[in-house]
Protein chains: 2
Amino acid sequence: MGRPGPDTSRAWQLLVKFFFAQRSHLPSSCGGEDVEQLSPAQCHVLHLIEPDRPLPMSRLAETLSCDRSNVTGLVDRLESRGLIQRRTSASDRRVKVLQLTREGSRLRAHLLKRMTGRSLPLSRLSLDQQRTLVTILEALVGEKER
Amino acid sequence: MGRPGPDTSRAWQLLVKFFFAQRSHLPSSCGGEDVEQLSPAQCHVLHLIEPDRPLPMSRLAETLSCDRSNVTGLVDRLESRGLIQRRTSASDRRVKVLQLTREGSRLRAHLLKRMTGRSLPLSRLSLDQQRTLVTILEALVGEKER
DNA sequence: TATTGTTATACTCTATAACTATA
DNA sequence: TATAGTTATAGAGTATAACAATA
């Protein structure tokens, strides 16, 4: 619906810059009280798996837009930490669905909570700006409601 | 200036999701006519080095918020492709400054141009939204003017 | 002594290609 | 034949620790 303009390039540049600058601070540094120290990718996966909502590995690969073999490794590491579990789907024995363990669910909630904290630079924005940002990003990601 | 709210967490989640979804598409897939196929990190570094504006490696490490040893590797790879050059600073012989080669400068311009193209999802936003996004991101990154 | 950059090491992330098991 | 997931392999990204050169 829009047109490419000078702001297009500028926005992307800033987006990348922001992401690179923040990725090391959060949400990976979720360690703290928890022993675990998850990588950004692992944290991201943990976010994408919602409690009581089994997620096929193929869907995860799509969302991450990465190769399926990559997902195997990510899941291996998260599973070895006891955060998620693989389960063979009943309807199609080829697919494996992922679900959070109790520990995984706990850590995920902890992450979400932490992301809302004051330390997050995003909280420096006014509420109006935050709302606007969410609207824009939803349009970008192609999510309507969630 | 703001307060943590439900949108804070939501915004970050979307930001991460968007970045993960896009990182493989651009601007790394800048190959095309060029033989090179740069990684996202390498593209990012290329952006950060402006033509005729030598950048100390330590500054680059700060901007990327990563370890200095990491920068060594990134620069090694970009230098071996002939895109940038290391030069020992005259004022302080410990520091090395980076500058684009002619080829690097050309490729950087190509990247910037490509980012403005229609293919970029960001260009789906209205001009107003793009402008708003830039404003918000500038606040986040802590950049006033450029 | 402190700082800049490098090297050595180890682990994670990522893609490609070949494979297994299901469908 | 096609699809979901795995394995093997290779390269890139990242951090820690020890080191050299310079300040």
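Helices are DSSP runs of H or I with at least four residues, numbered from the N terminus. This is a predicted model, in which local features need pLDDT of at least 70 and side-chain atom pairs count only at pLDDT 80 or more, while totals for chains, interfaces and linings use all residues. Residues are numbered from 1 along each chain as its sequence is written, chains are lettered from A in the order in which they are written, and side-chain values use heavy atoms, with hydrogens and water left out.

**View 1. The protein surface near DNA strand C.** Here H4(A) is the top contributor, giving 4 residues. At least two residues each come from H2 and H4 of chain A and from H3 (57-64) and H4 of chain B. In total, 22 residues surround DNA strand C, and the nearest are Ser39(A), Asp67(A), Arg77(A), Ser58(B) and Arg86(B); a residue is near a strand if one of its heavy atoms lies within 4 Å of it. Sugar and phosphate make up 64% of the atoms of DNA strand C that come within 4 Å of the protein.

**View 2. Phosphate contacts of DNA strand C.** Look for polar contacts, which are pairs of N or O atoms within 3.5 Å. A polar backbone atom of Arg93(A) is 3.0 Å from a phosphate oxygen of DNA strand C. Gln42(A) places a polar side-chain atom 3.4 Å from a phosphate oxygen of this strand, and for a backbone N or O atom of Met57(B) the distance to a phosphate oxygen is 3.5 Å.

**View 3. The protein surface near DNA strand D.** Among the 22 residues around DNA strand D, the closest are Ser58(A), Thr72(A), Arg86(A), Ser39(B) and Arg77(B). Of the strand's atoms within 4 Å of the protein, 67% belong to sugar and phosphate. H4(B) gives the most to this surface, with 4 residues.

**View 4. Phosphate contacts of DNA strand D.** Polar backbone atoms take part at Ser58(A), 2.6 Å from a phosphate oxygen, and at Lys96(A), 2.8 Å from a phosphate oxygen. Asn70(B) brings a polar side-chain atom 3.2 Å from a phosphate oxygen of DNA strand D.

**View 5. Packing of H2(A) on H3(A).** Helix H2 (residues 40-48) and helix H3 (residues 57-64) of chain A pack at about 120°, with axes 11 Å apart; axes are lines fitted to C-alpha atoms over the stretch in contact, and angles run from 0 to 180 degrees between N-to-C directions. His44(A), Val45(A) and Leu48(A) of H2(A) meet Leu60(A), Thr63(A) and Leu64(A) of H3(A), contact meaning heavy atoms within 4.5 Å.

Definitions and conventions: A polar contact is a pair of N or O atoms within 3.5 Å; within protein, one must be able to donate a hydrogen and the other to accept it, and residues adjacent in sequence count only if both atoms are side-chain atoms.
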